[in-house]
Amino acid sequence: MNIDKNKLLKMLGILAAICVIVGSITMLAGGNSMTLTEYARQNGISEQTSSHNTDAVETQVPNETQPSPNGGETQVTSDSEAASGSTVSESPCSSSESMLIGASLNGDFQLEERVTYTDSFYYEPLSDDLRRYITGVSYPSPSEDPDSDPPAVSYDDLCYLHILHYDFDGNPTAGEMICNKAIAQDLTEIFYELYRNEYRLEKVRLIDEYDGDDTASMEDNNTSCFNYRLVEGSASLSKHAWGLAVDINPLYNPYVTYGEDGAVNVSPAAGADYADRSLNFPYKIDQNDLCYRLFKQYGFTWGGDWNSSKDYQHFQKNP
């Protein structure tokens, strides 16, 4: 039987196309769809491997352990270990991690000096990029007057702290703050215990994201630490200026002062509904609260115990 050559070629072409389609469907069904990396390679797009790539929370394998002041272990990781592939990417917090400005600016520049308590809970010196970012915002700009006094706290007194926490939706989320290195280990352990117990913190971001405006940060219920500023209504430096104080969920735990005429002032003003501590509401810090008990255990004092004013968000320590 004679078969037309052109018809035979068309039939073979149709069969080949069917095979390709079936193969593609099989790959998709098997979960083997092309990754962004594979797409970049096949299309000649160079991969960015900058130290500022922080789209995933890294877990370092420790090469040294140190006892912590409260019985835990602190892991010190080395740059060479991270480079050798001993890091594990992908965490439920990877999307929030990519939005952390401090983590992006510090990158891996301070990896050799990073002190890791456990996965994603670590502190390290401020990189040059991070120092530039906070200067003129949460940290004073250099004075043009050569006779002026330098800031009471230096860059070297401070460190970058990275943590995980549960947000108000119950999602594990990456957070960050700058603190005095004298309390960095304490804060790392405290926030780890809060995270382990799924204690809710709405957000933990650098105060610089609010242009150093403490009121804006409080109104946004941002948990923060370092901010070189005065005590509200005074000429004295706040403990925040030294990086020795932390404000926790400040909207729900406001700062309350009392005037001589009996007037009550609440800061932030949006937190006025939470100034009456006899009421029950979520995220309230009192003496039964886990946050209160942990900070007290580590030697911090609580502003809610003050007499002349009540700063329910505030924990500070004299190292």
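Is aspartate 156 buried or exposed? In this predicted model, aspartate 156 is exposed, with a relative accessible area of 53%. Its side chain meets that of arginine 131 in a salt bridge, at 2.8 Å from N to O. Aspartate 156 sits in the loop between α6 and β5 while arginine 131 belongs to helix α6, so the pair ties together parts that are 25 residues apart in sequence. Arginine 131 itself is partly exposed, at a relative accessible area of 22%.

Before further pairs are described, a view of the whole chain is helpful. The chain has nine helices and 14 strands. Of its 319 residues, 43% count as buried. About 17000 Å² of the chain is exposed, and carbon and sulfur atoms supply 50% of this area. Among contacts between residues at least 6 apart in sequence, 59% join residues at least 24 apart.

The salt bridges come to eight in total. Side chains of opposite charge can pair when their charged atoms come close. One such pair is arginine 114 with glutamate 124, whose closest N and O atoms are 2.7 Å apart. This pair links distant parts of the chain, with arginine 114 in the loop between α5 and β3 and glutamate 124 in strand β4, 10 residues apart. Arginine 114 counts as buried because its relative accessible area is 2%, under the 20% cut-off. Glutamate 124 is likewise buried, at 2% relative accessibility.

Another salt bridge joins the side chains of aspartate 129 and arginine 132, at 2.4 Å from N to O. Both residues lie in helix α6, three residues apart, which is about one turn of the helix. An α-helix has 3.6 residues a turn, so residues three or four places apart point the same way. Aspartate 129 is partly exposed, with 22% relative accessibility, whereas arginine 132 is exposed, at 55%.

Attention now turns to the interior. In soluble globular proteins, nonpolar side chains tend to be buried together. Here, the largest nonpolar core has 53 residues, of which Leu187, Phe191, Ile248, Phe295 and Phe315 touch the most other members. At least two residues of this core come from each of α5 (101–106), β3 (115–118), β4 (121–124), α6 (128–134), β5 (158–166), β6 (172–180), α7 and α9. The element that gives the most to this core is β5, with seven residues.

Isoleucine 248 offers a closer look at the packing. Not counting residues up to four places away in sequence, isoleucine 248 touches Phe191, Leu201, Thr223, Asn253, Ile285, Cys291, Phe295, Gln313 and Phe315. Apart from the largest core lies another, of five residues, among them Phe168, Leu251, Tyr274 and Phe281.

Helix α9 (residues 290–297) has Leu290, Cys291, Tyr292, Leu294 and Phe295 as its buried residues. The cover over these residues includes α7 (184–196), β9, β12 (301–302) and β14. At the N-terminal end, α9 is capped by aspartate 289, a side-chain oxygen of which lies 3.1 Å from the backbone nitrogen of cysteine 291. After α9 comes glycine 299, with a positive phi near 90°.

Strand β14 (residues 314–316), part of the cover over α9, contains histidine 314. Histidine 314 is buried, with a relative accessible area of 4%. A polar contact of 2.8 Å connects its side chain with the side chain of glutamine 316. With neighbours within four places in sequence left aside, histidine 314 is in contact with His240, Ala245, Val246, Asp247, Thr301, Trp302, Gly303 and Trp306.

The surface has nonpolar ground as well. Leu230, Leu237 and Trp242 make a nonpolar patch of about 240 Å². Of these residues, leucine 237 lies in the loop between β8 (222–223) and β9 (245–247). Leucine 237 is partly exposed, with a relative accessible area of 32%. This value places leucine 237 between the 20% limit for buried residues and the 50% limit for exposed ones.

Technical notes: Residues numbered from 1 in each chain as written. Predicted model: local features only at pLDDT ≥ 70, side-chain atom pairs only at ≥ 80, totals over all residues. Heavy atoms only, no water. Patch = residues over 30% accessible without salt bridge, like charges linked within 9 Å, V, L, I, M, F, W, Y side chains within 5 Å. Areas by Shrake-Rupley, 256 points an atom, 1.4 Å probe, with all protein chains shown as cover. Salt bridge = Lys/Arg side-chain N within 4 Å of Asp/Glu carboxyl O. Helix = DSSP H or I, 4+ residues; strand = E, 2+ residues; numbered from the N terminus. Buried < 20%, exposed > 50% of the residue type's maximum accessible area, 1.4 Å probe, protein only. Contact = heavy atoms within 4.5 Å. Polar contact = N/O pair within 3.5 Å; in protein donor to acceptor, adjacent residues only side chain to side chain. Core = buried A, V, L, I, M, F, W, Y, C linked by side-chain atoms within 4.5 Å.
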